[in-house]
Amino acid sequence: MYQYTEFDRHFVRARAVQFRDQLRRHLDGELPDDDFRALRLQNGWYVQRHAPMLRVAVPYGELSSRQLHQLARIAREFDRDYGHFTTRQNLQFNWIPLDRAADVMDLLADVDMHGIQTSGNCIRNITTDALAGIAPDEVVDPRPYAEILRQWSTLHPEFAFLPRKFKIAISGAREDRAAIGWHDIGLQLVKRTRGAGQAPGPIAESLETPRSGASPVGNDHGEIGFKVLAGGGMGRTPMVGSVIGEFVPWQQILVYIEAIVRVYNRLGRRDNLYKARIKILVKAEGLAFVDAVNAEFRKILEHDHEGVAHLIPQAELDRVTRSFELPAGLDAQRAPKPDPAPLTLPVAYRRWLERNVHAHRLPAYRAVTLSLKRAGHAPGDATGDQMDRAAELATRFSHGELRVTHEQNLLLPWVREDELQALWLAAREAGFATPNIGLLTDMIACPGGDFCALANARSIPVAAAITERFEDLDRLYDIGDIDLHLSGCINSCGHHHSGHIGILGVDKDGAEWYQITLAGSDGSTLSGAAVPGKVIGPSFAAEEVPDVVEAVVETYRRERRPGERLIDTSRRLGPLPFRAAADAVRRATAAAAA
Ligand code: HEM
Ligand code: SF4
């Protein structure tokens with residue numbers, strides 16, 4: 001994990017002190033609501049339906065046991081004993097009274113955490129693959145670059161008030177597990193061999209050699225750079241990012257992103273909230289946008305002293321990379337030694353091995369997902385006690401490290417293969433061993449109308465009803481891999497557009513209704529190229545939603561060819577048979593339409 005330097009620590013502490021003073025002045029009546037609003041938002045404090053909501057950044061999803069214990073303490077002592085892990089690898093608290101907010105910021109600072117830039121129209125938490133640094137299909141570990149990007153973007157004076165929020169995701173593996181196409185900027189780390197037949201990068205190649213000199217890590221294996229996508233985003237007009245740079249050398253990536261964000265800052269639609277995201281600009285301008293970025297990029301490199309200073313020096317990459325070397329005490333050379341499991345393994349254990357345990361680049365290790373999708377809890381929620389238990393599991397089995405995943409689960413990155421059984425037993429006892437990773441009940445869901453002031457409809461009860469309907473594990477396994485994503489309104493926090501089955505809460509005459517989409521993709525290998533799902537007919541009532549999901553799933557089971565997942569069958573057949581099946585289960589909405 002990245003180790004905070006004294007500079008980093010001082011920075012976060014100073015911010016907490018500053019916030020305490022701002023809060024005091026607000027509570028004393030010196031700072032009116034409107035003035036305080038901008039200040040609290042810059043530290044992750046929203047005001048939602050019931051109370052202030054705090055969003056804590058978990059940079060690129062990496063958490064230590066110590067940090068998670070502290071989050072558990074905050075949940076217990078300041079909130080109603082739980083927190084919500086989000087798709088963007090953050091954690092949200094829903095019930096902290098504002099007058100205790102400064103104490104919470106101090107506690108966070110004690111463990112190198114904060115809420116800076118988790119809100120507002122700035123560059124938000126940079127996300128990545130939860131298997132970063134450990135995935136067997138990794139080309140380049142994205143974490144050092146994510147950390148450098150984090151440092152560069154934090155309190156960047158030019159980008160504190162962009163036209164709208166700005167989200168960057170970065171992937172270093174062959175498979176995209178970070179949904180990069182759905183972000184304002186998506187970065188794909190690549191390696192290329194000079195003279196191996198690739199066309200030169202359209203932009204970077206023609207520029208002068210970076211000052212930092214020789215190409216970085218692995219000259220012998222290829223030159224490292226980024227494929228850059230821009231203009232992805234969901235909301236009312238879902239758009240997948242376009243490739244605007246085929247190969248930007250790593251040394252220049254901050255300058256290139258600076259150029260993109262400058263163009264966006266200059267030309268983005270500040271006049272219309274719904275058109276303010278970069279996706280609208282990229283779509284409207286097309287190649288002119290790319291030309292503007294390239295021109296800005298050249299200008300910075302050639303003339304702008306400050307920009308030139310943002311070329312990443314090799315020494316800085318090396319310094320940050322050292323933080324991500326293996327955890328102390330981990331033996332990378334350890335020979336694989338399979339779990340000494342008896343042949344009569346319980347079926348629950350085999351299922352857990354199949355779904356929750358993932359391959360690792362080190363042969364003697366595995367990554368293990370702790371499922372936060374279980375009956376009785378909203379997707380992504382964990383109580384204070386559960387956070388403590390997860391932190392203890394990380395200490396005992398994973399060198400004190402965890403990850404928060406895009407799918408709203410926790411993951412232990414460094415588990416020895418011969419300790420899997422012991423981990424399973426402990427995880428089961430703690431309630432984290434539901435063997436459902438990648439299955440229908442491992443759904444993404446936003447907090448919806450129970451908490452969010454912008455919601456059109458509730459998400460949590462709908463998620464609970466679906467979980468209950470698909471409790472039977474035999475059936476769940478027969479249905480197989482499905483991404484089910486649920487948002488309480490068109491802001492799309494629950495990524496419904498990228499769900500194989502997407503559920504969107506809509507408001508009709510003050511009542512909660514739900515629109516269903518089919519065959520969306522986040523860009524993973526299973527799902528194929530990122531694409532928004534297609535709506536299957538008019539909306540449904542809340543109580544109909546589990547029936548509709550079941551009708552869609554049963555249509556798939558009936559129609560599937562050997563080896564086909566729901567996403568394949570729905571693409572082959574198109575929406576019509578699914579729509580017909582969904583319409584057949586209408587009750588309330590059929591009566592309402594009559
Ligand atoms: C309850 C408090 C929340 C509020 C008020 C809120 C508000 C919003 C709004 C207004 C947008 C749309 C921005 C735009 O397109 O201009 C948005 C986007 C987004 N939110 Fe939230 N959100 C909340 C919680 C969450 C949670 C819990 C998650 C994760 C589970 C989340 C993940 C996202 C993501 C991924 C997007 C980007 C969607 C896209 O690509 O367009 N948000 N949020
Ligand atoms: S999708 Fe809508 S309801 Fe859900 S958290 Fe986002 S803004 Fe709130």
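**Notebook: ligand shell, sheet and two odd loops**

I started with the shell around ligand 2 in this predicted model, and its residues divide into seven nonpolar, five polar and no charged. I then listed who is there: the cysteines are Cys-446, Cys-452, Cys-489 and Cys-493, and the other residues include Pro-447, Leu-454, Ser-487 and Asn-491.

Cys-493 came up again when I turned to ligand 1. Its SG is the only protein donor of the iron atom of ligand 1, at 2.2 Å. I placed Cys-493 in the loop between strand 17 (484-487) and strand 18 (501-508).

Next I traced a sheet. It is open, has five strands in the order 3-14-15-12-11, and pairs in the antiparallel sense. Strand 3 (62-64) and strand 11 (357-358) are at the edges with a single partner strand each, so one side of each has no neighbour in the sheet. I looked closer at strand 14 (residues 401-404) and strand 15 (residues 410-416), which are joined by two bridges; Arg-403 has Leu-411 in strand 15 as its bridge partner. Helix 3 (residues 65-78) lies across strand 3, strand 14 and strand 15, at about 80 degrees to strand 3.

Last, I checked backbone angles. Asp-81 is not a glycine, yet its phi is positive, near 70 degrees. I found Asp-81 in the loop between helix 3 and strand 4 (82-85). Gln-89 also is no glycine and has a positive phi, about 60 degrees; its loop runs between strand 4 and strand 5 (90-93).

Which of these is buried, and which partly exposed? Asp-81 is partly exposed at 30% relative accessible area, whereas Gln-89 is buried at 1%.

Key. Residues numbered from 1 in each chain as written. Chains lettered and ligands numbered in written order. Predicted model: local features only at pLDDT ≥ 70, side-chain atom pairs only at ≥ 80, totals over all residues. Heavy atoms only, no water. Near = heavy atom within 4 Å. Nonpolar A, V, L, I, M, F, W, Y, C, P; charged D, E, K, R; others polar. Pairing = 2+ DSSP bridges. Helix = DSSP H or I, 4+ residues; strand = E, 2+ residues; numbered from the N terminus. Contact = heavy atoms within 4.5 Å. Axes fitted to C-alpha atoms, helices over the stretch in contact; angles between N-to-C directions. Donors = N, O, S within 2.8 Å, 3.2 Å for Na, K, Ca; no water. Buried < 20%, exposed > 50% of the residue type's maximum accessible area, 1.4 Å probe, protein only.
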